[in-house]
Amino acid sequence: MSVFTIDELIRIMRECAGEDEAGDLIPDVADQDFDLLGYDSLALMATASRVEREHGLRLPEEEMAEIRTPAAFVALVNEELRRTARAAESPR
């Protein structure tokens, strides 16, 4: 099972927003509110969509609506990766 990291999230956020717009993102922003980082709900949706495509998973919309920080985003992705791995391993 792969693990999603804050560095990977920052890479994706930079690519989705454009390097110039996301130039100040550094790993210690994990607990900063996305609003303070300049990321609105549309930017977050673009990031979530990219993560879903790259990792072959579906992030629950209800839980995504509650995400406020990069650390919470990473935790949600890792939980979904664990769920996907468990589902793939369970006998049918």
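# Briefing: a four-helix predicted model

Serine 49 has its place in helix H2. This residue belongs to a predicted model of a protein with 92 residues, 37% of which are buried. The protein contains four helices and zero strands, and from the N terminus on its elements run α-α-α-α. The points below begin with helix H2 and proceed to the other helices, the nonpolar core and the aromatic rings.

**Helix H2 and its surroundings**

- With a relative accessible area of 29%, serine 49 is partly exposed, because this value lies between the 20% under which a residue is buried and the 50% over which a residue is exposed.
- Serine 49 and leucine 59 are separated by ten residues in sequence, and their C-alpha atoms are 8.5 Å apart in space.
- Glutamate 52 is also placed in helix H2.
- The relative accessibility of glutamate 52 is 13%, so this residue counts as buried, the limit being under 20%.
- A polar atom of the glutamate 52 side chain lies 2.8 Å from the backbone nitrogen of leucine 59.
- Leaving aside residues up to four places away in sequence, glutamate 52 touches Leu57, Arg58 and Leu59.

**Helix H4**

- Helix H4 has 20 residues and reaches 29 Å from its first C-alpha to its last, which is close to the 28 Å expected at 1.5 Å a residue.
- The buried residues of H4 are Pro70, Phe73, Val74, Leu76, Val77, Asn78, Glu80, Leu81 and Ala85.
- The cover over these buried residues includes H1, H2 and helix H3, which spans residues 61-64.
- Glutamate 80 is found in helix H4, and at 7% relative accessibility this residue counts as buried.
- The contacts of glutamate 80 are with Leu57, Arg58, Leu59 and Pro60, not counting residues up to four places away in sequence.
- Valine 77, with the same allowance for residues up to four places away in sequence, touches Phe4, Val51, Leu57 and Leu59.

**Helix H1**

- The twelve residues of H1 should span 16 Å at 1.5 Å a residue, and the end C-alpha atoms are 16 Å apart, so the two values agree.
- In H1, the buried residues are Ile6, Glu8, Leu9, Ile10, Ile12, Met13 and Ala17.
- These buried residues of H1 pack against H2 and H4.
- Glycine 18 follows H1, and its phi is positive, near 95°.

**The nonpolar core**

- In soluble globular proteins, nonpolar side chains tend to be buried together.
- In this model, the largest nonpolar core has 23 residues, and those with the most contacts inside it are Phe4, Leu9, Phe34, Leu59, Met64, Phe73 and Val77.
- Two or more residues of this core come from each of helix H1 (6-17), helix H2 (41-55) and helix H4 (70-89).
- Helix H1 makes the greatest contribution to this core, with six residues.

**Aromatic rings**

- The structure holds two aromatic pairs.
- One of them is the tilted pair of phenylalanine 4 and phenylalanine 73, with 6.4 Å centre to centre and 45° between the planes.
- This pair links distant parts of the chain, since phenylalanine 4 lies in the segment before H1 and phenylalanine 73 in helix H4, 69 residues apart.
- Phenylalanine 4 is buried, with a relative accessible area of 2%, and phenylalanine 73 counts as buried at 0% relative accessibility.
- Phenylalanine 34 and phenylalanine 73 form an edge-to-face pair, with 6.5 Å centre to centre and 80° between the planes.
- Because phenylalanine 34 lies in the loop between H1 and H2 and phenylalanine 73 in helix H4, this pair ties together parts that are 39 residues apart in sequence.
- Phenylalanine 34 is buried, as is phenylalanine 73.
- Through these ring pairs, Phe4, Phe34 and Phe73 are linked into a cluster.

**The protein as a whole**

- Among contacts with a separation of 6 or more, 58% are between residues 24 or more positions apart.
- The accessible surface of the protein comes to about 5,800 Å², and carbon and sulfur atoms account for 51% of this surface.

Definitions and conventions:
Residues numbered from 1 in each chain as written. Predicted model: local features only at pLDDT ≥ 70, side-chain atom pairs only at ≥ 80, totals over all residues. Heavy atoms only, no water. Core = buried A, V, L, I, M, F, W, Y, C linked by side-chain atoms within 4.5 Å. Buried < 20%, exposed > 50% of the residue type's maximum accessible area, 1.4 Å probe, protein only. Contact = heavy atoms within 4.5 Å. Phe/Tyr/Trp six-rings, centres within 6.5 Å; stacked < 30°, edge-to-face > 60°. Expected span 1.5 Å × (residues − 1). Areas by Shrake-Rupley, 256 points an atom, 1.4 Å probe, with all protein chains shown as cover. Polar contact = N/O pair within 3.5 Å; in protein donor to acceptor, adjacent residues only side chain to side chain.
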